[in-house]
Structures are given as structure tokens and as C-alpha cells.
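Here's a walk through the empty spaces, ring contacts and strands of one protein model. Pull up the structure and follow along.

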Amino acid sequence: MTTAEIFFPVSMAGGNWTRVSEFILMSFSSLPTEIQLLLFLTFLFICLVTLIGIGLIFLVTLVDPMLHSPIPMYFFLRNLSFLEIGFNLVIVPKMLGTLIIQDTTISFLGCATQMYFFFFFGAAECCLLATMAYDRYVAICDPLRYPVIMGHRACAQLAAASWFSGFPVATVQTTWIFSFPFCGPNRVNHFFCDSPPVIALVCADTSLFELEALTATVLFILFPFLLILGSYVCILSTIFRMPSAEGKRKAFSTCSSHLLVVSLFYSTAILTYFRPRSSSSPESKKLLSLSYTVVTPMLNPIIYSLRNSEVKTALRRVMHRTLGPQKLWLT
């Protein structure tokens, strides 16, 4: 028994059991040390690029007067940037520790905390992406009423509702999972405390919880996705009816970035949580999880900056004011 495999005896109705006091994240421990070092350097680079890129997008849309208050899309983009930073910091630092210093142990409370905030940021992001799709729907399908429908108060309420949606799912899921008895083994076959590999360690009947988890997944992943899908069906229908090619191009350019982000996030999330258990190995689930916890947050600021002319123009203005015209290299 390693130092991380610590159990305490517990008396229960069925006899003597042991209670797990901490978990071991298997992460990528099956890979050679050289590969783990390469993964550490890769993920560290991705994490730094992600934090810098998201932070830059957040600051540009906050300090640039053209993007700060008049346009709801950039208000929601700032909220998305903050969510992405939180989502990244919940997962990546511990994963880097498992790769570089083999710090694979995580306390019972630490595992519960990581899972709680993973659920919180994940559910909030799903709802915020649906809110952003609704914003694009109103802007393109009902442009004359857009300033009235998407006023400051409405935007604040929609953003607050998106953030609040993370609390019930995170509280119910995490509290329920960690109220189960964990009797050993304590090895989580993942690089973070996600619910499927943790619930696999429970020594009790989890069928009721799994039914609730499926319901929560439908409500907080599939339902927002269907709202986004419905919004874009209406948006594309409106764009195709526009008489001018220039009008179609401008309308599509305003929502193309969001559509790409939604496609990246939901494609991997749905493949991860809606596939039958027998159809995928733990290693393939790790790869899918990497895509939406590490890779997608890195790509989001790149997508929003490269495919959005207003963001690129605002970035030039901020760089111009900060560095001066003689040092402005961004074109």
C-alpha cells in the first residue's frame, strides 16, 4: 500500500468497511516519463497561451470604449472569458503537477472541490453559450427591436441566470456523489475528478444517482444545445432571405465565431457524456476531456480575435494607445 492509499475502518450495517480519505489521479501515469515531460511542456504552453489570450480579450472588450457598454455581444464575451479562465484553472494546475512532480494524490475535500467547480463552470458555460446564441438571434432576426430587447438590464439578468445555473447542478451532483461510501480502491482513472471515474469507485447502488445525472446532463448540456441549434436555424433562414450578398456576409460574420466555439465545445462534451460506457475506453475519454478542458479554451480567444474584425480593430486601438504608433506592430 502506498502512502496515498489511506483508508479508515468504518462500521456499517453490512459489516466493517473502509473509508477512502484521499484519491490517486492516474492521469497519464501509464506513459513513459519522457512522454509525460513532453505533455507537461505542451500543456503548460497551452495554459499560458489560454490565460494570456483570454485575459487579452477580456481587457480589450473592457477598456475599449467601442466595445465596452454599447454592444451586448462583448458583454457576454467578457463573461465567457472569465468562465474559461476559471474552467482552465480548476483542471490544468493539478494535471501539470501529476506530470512533472508525480503529485497524483488529491484529498477527499480537494477532489470534491475540483468536481464542484468543474460542474459549476461547465453548466454556466453551456447556459452562457445559449444566451449568446439568443443575442445573435435577436440581432439578426429582429434588429429593429434589438436595443430594446437586449438592454443593459436584460443582458445583466441573462448573464446572472447563466452563472446561477451552475450552482444547483454543482451542489446536487457533488454533494450526492461524495455522500456515497468509498471503500477502496481509490485510484481515479482520469487526470481530474470527473464524475464517471469517481462514481466507479463507489461501493453502493448508484442507479438513482445515474438517473439524476442523466437528467442533469440533458437539462444543462443537451437542452442549451437544442436552444442554440434552434436559434441558428432561425438565423440562417433569415440570412438566406437577405437580398444583398454584402448583408449576408456581415450577418454571418457576426455569429461565425460563436458558432465555431459552440461546435468545438459541444461536439466533445456530447461525445464524452452521451456515449455508452462500453463504446469507449478510459484513454479515449481522457483525450476527449482534454479537448474541451484544455484545447478549446485556448482556441476560443484565437477564434474570437481572428474572425472578428471589431475585436481586431479594438486590439489595434489598445496597442496604439499603450505602445504608441512607432511601436505598433499588430496589423
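A cavity, in the sense used here, is a set of grid points where a 1.4 Å probe fits but cannot get out, and its lining residues have an atom within 4 Å of a point. Keep in mind that what you're looking at is a predicted model.

With that in hand, let's start with the closed spaces. The whole structure holds 2 cavities of 30 Å³ or more. The largest cavity has about 70 Å³ of space, and its walls are made by I54, I57, L77, L80, S81, E84, P297, N300, P301 and Y304. If you colour by helix, you'll see α1 (33–63), α3 (72–100) and α11 each putting at least two residues into that lining. As for chemistry, the lining of the largest cavity splits into 7 nonpolar, 2 polar and 1 charged.

Now move to the second largest cavity, with about 50 Å³ of space. Around it sit M73, M132, D135, R136, T254, H258 and Y304. Here α4 and α10 are the elements giving two or more residues, and α4 has the largest share, 3 residues. This lining divides into 3 nonpolar, 2 polar and 2 charged. Y304 is worth a click, as it turns up in the lining of the largest cavity and again in that of the second largest.

Next, the open space. The largest pocket comes in at about 920 Å³. It has 37 lining residues, and S195, P196, T217, T272 and Y273 are the ones nearest its centre. Several helices chip in with at least two residues each: α4 (108–141), α7 (166–177), α8 (195–199), α9 (207–240), α10 (245–273) and α11 (282–306). Which of the helices gives the most to the lining? That's α9, with 8 residues. Sort the pocket lining by type and you get 22 nonpolar, 10 polar and 5 charged.

On to the aromatic rings. The model has 26 aromatic pairs. Take F108 and F178: their ring centres are 5.2 Å apart with planes at 85 degrees, and planes over 60 degrees apart count as edge-to-face, so that's what this pair is. The two are 70 residues apart in the chain, with F108 in helix α4 and F178 in the loop between α7 and β5 (187–188). F108 is partly exposed at 25% relative accessible area, whereas F178, at 13%, is buried.

W176 and F209 make another edge-to-face pair, with centres 5.6 Å apart and planes at 75 degrees. This one ties helix α7, home of W176, to helix α9, home of F209, across 33 residues. W176 is partly exposed, with a relative accessible area of 25%, while F209 is buried, at 3%.

There's also a cluster, in which ring pairs link F28, F43, F87, F118, F119, F191, F192 and Y292. One of its members, F28, has K286 over its face, 5.9 Å from the ring centre.

Last stop, the strands. Three of them form an open sheet in the order β4-β3-β5, with mixed pairing. β4 (105–107) and β5 are the edge strands, each pairing on one side only. Strand β3 (residues 22–25) runs parallel to β5, and 2 bridges join them. To find one contact between these strands, look at L25, whose bridge partner in β5 is V188.

Methods:
Residues are numbered from 1 along each chain as its sequence is written. This is a predicted model: local features need pLDDT of at least 70, side-chain atom pairs count only at pLDDT 80 or more; totals for chains, interfaces and linings use all residues. Side-chain values use heavy atoms; hydrogens and water are left out. On a 1 Å grid over the protein atoms alone, a cavity is a set of points where a 1.4 Å probe fits but cannot get out, and a pocket is an open set with protein on both sides within 12 Å along at least five of seven lines; lining residues have an atom within 4 Å of a point. Grid points are joined across faces, edges and corners, and a volume is the space filled by probe spheres set on the points. Helices (H or I, at least four residues) and strands (E, at least two) are DSSP runs, numbered from the N terminus. Ala, Val, Leu, Ile, Met, Phe, Trp, Tyr, Cys and Pro count as nonpolar, Asp, Glu, Lys and Arg as charged, and the others, Gly among them, as polar. Rings of Phe, Tyr and Trp (its six-membered ring) pair if their centres lie within 6.5 Å; planes under 30 degrees apart count as stacked, over 60 as edge-to-face and the rest as tilted. Buried means under 20% relative accessible area, exposed over 50%, partly exposed in between (1.4 Å probe, protein chains only). A charge sits over a ring if NZ of Lys or CZ of Arg is within 6 Å of the ring centre and within 35 degrees of the ring normal. Two strands pair if DSSP finds at least two bridges between them.
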